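Student: I've got a protein on my screen and a list of labels I don't really get. Can we go through why each label applies?

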Amino acid sequence: MEQIEFKVAGMTCGACVARVTRALLSIPGVRNAEVDLARGMARAQVDDIAAVQPALLQALAAAGYPSEPLTGSAVSVEGTQGAAPGGSSSDPRANRGGCCCGH
């Protein structure tokens, strides 16, 4: 199993955290997801980063939270370091998927 971290734009409340978590867990091959509101980060444990990373980015964007993988964040659970490809920067003002706080 591997782990990847994302910088997630636009999270402002607990409802945002729940939406991001659901978006990550909706992708086949994702075993676990953790979201840190204070840091604006999300972490997913996946079977194969290369296979799921595009789907993860698409699911996060569709939920209203444009994201990018953090370079060098791909790590196997066993501790083998890998490299995640960089993503493009995102507009933090994008639609929030109906967030209750309106940000």
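Student: Let's start here: what makes Glu5, Glu34 and Arg43 a network of salt bridges?

Tutor: First, keep in mind that this is a predicted model. A salt bridge needs a side-chain nitrogen of Lys or Arg within 4 Å of a carboxyl oxygen of Asp or Glu. Glutamate 5 and arginine 43 have their closest N and O atoms 2.6 Å apart, and for glutamate 34 and arginine 43 the N to O distance is 3.2 Å. Both values are within 4 Å, so both pairs pass. Arginine 43 takes part in each pair, and that links Glu5, Glu34 and Arg43 in a network.

Student: Why would such side chains pair up in the first place?

Tutor: Side chains of opposite charge can pair when their charged atoms come close.

Student: What does the pair of glutamate 5 and arginine 43 tie together?

Tutor: Glutamate 5 sits in strand S1 and arginine 43 in strand S3 (residues 41-46), so their salt bridge ties together parts that are 38 residues apart in sequence. As for glutamate 5 and glutamate 34, they are 29 residues apart along the chain, with 9.4 Å between their C-alpha atoms.

Student: The side chains of glutamate 5 and arginine 43 are also listed as making a polar contact. What makes it one?

Tutor: The cut-off for that label is 3.5 Å between N or O atoms. These two side chains come in at 2.6 Å, so the distance fits.

Student: Is glutamate 5 buried or exposed, and how do you know?

Tutor: Buried means under 20% relative accessible area. Glutamate 5 has 17%, so it counts as buried. Its partner arginine 43 has 25%, which lands between the 20% and 50% cut-offs, so it is called partly exposed. Glutamate 34, at 41%, is partly exposed too.

Student: How many salt bridges are there in the whole structure?

Tutor: A search finds four. Another one of them joins arginine 31 and aspartate 47, whose closest N and O atoms are 2.6 Å apart. Arginine 31 is in strand S2 (residues 30-36) and aspartate 47 is in the loop between S3 and helix H2 (49-62), so this pair connects parts 16 residues apart in sequence.

Student: Why is arginine 31 called exposed, while aspartate 47 is called partly exposed?

Tutor: Exposed means over 50%. Arginine 31 has 51% relative accessibility, so it makes the cut. Aspartate 47 has 40%, so it falls in the partly exposed range.

Student: How do you know that S1 and S3 are paired?

Tutor: Pairing takes at least two bridges between the strands. S1 and S3 have six, in the antiparallel sense, so they qualify. One example is lysine 7, whose bridge partner in S3 is methionine 41.

Student: What about S2 and S3, and which way do they run?

Tutor: They run antiparallel, and six bridges join them. Among them, asparagine 32 has glutamine 45 as its bridge partner in S3. S2 and S3 form a hairpin with four residues between the strands, where glycine 40 has a positive phi near 65°.

Student: What is the overall pattern along the sequence?

Tutor: The protein has two helices and five strands, and the order is β-α-β-β-α-β-β.

Student: How many disulfides does a search find?

Tutor: Zero. A disulfide calls for a pair of cysteine sulfur atoms within 2.5 Å, and the search of the whole structure turned up no such pair.

Student: Are cysteine 13 and cysteine 16 buried or exposed?

Tutor: Cysteine 13 has a relative accessible area of 15% and is therefore buried, being under 20%. Cysteine 16 has 0%, so it is buried as well.

Student: And serine 67, is it buried or exposed?

Tutor: Serine 67 is buried, because its 11% is under 20%. It lies in strand S4 (residues 67-69). A polar atom of the serine 67 side chain is 2.8 Å from the backbone oxygen of tyrosine 65.

Student: How much of the protein counts as buried?

Tutor: Of its 103 residues, 41% count as buried. The protein exposes about 5300 Å², with carbon and sulfur atoms supplying 52% of it.

Notes: Residues are numbered from 1 along each chain as its sequence is written. This is a predicted model: local features need pLDDT of at least 70, side-chain atom pairs count only at pLDDT 80 or more; totals for chains, interfaces and linings use all residues. Side-chain values use heavy atoms; hydrogens and water are left out. Buried means under 20% relative accessible area, exposed over 50%, partly exposed in between (1.4 Å probe, protein chains only). A polar contact is a pair of N or O atoms within 3.5 Å; within protein, one must be able to donate a hydrogen and the other to accept it, and residues adjacent in sequence count only if both atoms are side-chain atoms. Accessible areas come from the Shrake-Rupley method with a 1.4 Å probe; for residues, only the protein chains shown count as cover.
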